[in-house]
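This briefing is a guided reading of one protein chain, meant to be followed with the structure open beside the text. Please look over the sequence and the fold before going through the points below.

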Amino acid sequence: MATTPEPRQLALSEFVRDHNASGLSYRRMAVRAIDPVSGQALGFQWISKLAAGHVAKAPEPWQMRALAAAMEVPDELVKTLAARQWLEYEISEVRLGSDEWILFRLARDLPDEDKRMLRRMAEEFVRRQTRRLNQPPDDADTGAPPS
């Protein structure tokens with residue numbers, strides 16, 4: 001199967017085409033494209049139209065979840081690629097934990113060096129918040145004798 005690209009490199013249609021080119025047919029994707037929340041399924045024709053760039057509006061949340069299931073990639077990747085394709089947003093994320101993250105929008109014409117700098121700033125913010133949250137308050141009773 002294709003490796004997962006950085007969200008800024010490929011839009012959703014191209015990502016689906018890439019998975020197809022690596023051997024996952026649109027029909028096979030459709031068999032696997034079941035939204036784990038609602039149970040709704042995508043048809044191979046819709047997936048084929050998406051890959052061809054003929055889907056006019058952004059997919060619904062259930063469609064993105066089903067598509068993620070079909071390609072065995074995280075839901076967030078599909079959402080990020082959809083935002084880039086339909087909203088012309090470039091989204092970057094910094095993970096806070098297993099189920100939390102910071103998402104921030106980047107200007108598409110921002111130089112790559114500046115995008116990397118913004119990501120480093122977000123990562124530093126996360127590190128500082130994690131340290132702050134893990135430190136006991138100054139007035140907390142730690143059980144240690146006063147010094």
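Of the 147 residues in the protein chain, 33% are buried. The model is a predicted one, and its protein chain has six helices and two strands, which follow one another along the sequence in the pattern α-α-α-α-α-β-β-α. Among the contacts in the protein chain with a separation of 6 or more, 49% are accounted for by residues 24 or more positions apart.

**Helix α3 and its buried side**

- Helix α3 spans residues 44-51, and within this helix Trp46, Ile47, Leu50 and Ala51 are buried.
- These buried residues cover an arc of only 135° around the axis, and they therefore lie on the same side of α3.
- The partners against which the buried residues of α3 pack are four other helices, namely α1 (12-21), α2 (26-32), α4 and α5.
- After α3 comes Gly53, a residue whose phi is positive, with a value near 80°.

**Arg17, a residue of helix α1**

- Arg17 lies in helix α1, and because its relative accessible area is 36%, which falls between the limits of 20% for buried and 50% for exposed, Arg17 counts as partly exposed.
- When the neighbours within four places in sequence are left aside, Arg17 is in contact with Tyr26, Ala51 and Ala52, and one of these, Ala51, is also among the buried residues of α3.
- Arg17 and Leu50 are separated by 33 residues in sequence, while the distance between them in space is 8.8 Å from C-alpha to C-alpha.

**How α4 and α5 cross**

- Two packed helices are described by the angle between their axes and the distance between the axes.
- For helix α4 (residues 61-71) and helix α5 (residues 75-86), the axes come within 8 Å of each other and cross at roughly 120°.
- Angles of 65 to 115 degrees count as roughly perpendicular and those over 145 as roughly antiparallel, so α4 and α5 are described as oblique to each other.
- The crossing that α4 and α5 make is right-handed.

**Which residues meet between α4 and α5**

- On the α4 side the residues in contact are Met64, Arg65, Leu67, Ala68 and Met71, and on the α5 side they meet Asp75, Val78, Lys79 and Ala82.
- Sorted by class, the residues in this contact of α4 with α5 are six nonpolar and three charged, with no polar residue.

Key: Residues numbered from 1 in each chain as written. Predicted model: local features only at pLDDT ≥ 70, side-chain atom pairs only at ≥ 80, totals over all residues. Heavy atoms only, no water. Axes fitted to C-alpha atoms, helices over the stretch in contact; angles between N-to-C directions. Parallel < 35°, antiparallel > 145°, perpendicular 65-115°, else oblique. Left-handed = near helix turned anticlockwise from the far one by under 90°. Contact = heavy atoms within 4.5 Å. Nonpolar A, V, L, I, M, F, W, Y, C, P; charged D, E, K, R; others polar. Buried < 20%, exposed > 50% of the residue type's maximum accessible area, 1.4 Å probe, protein only. Arc of directions from axis to C-beta.
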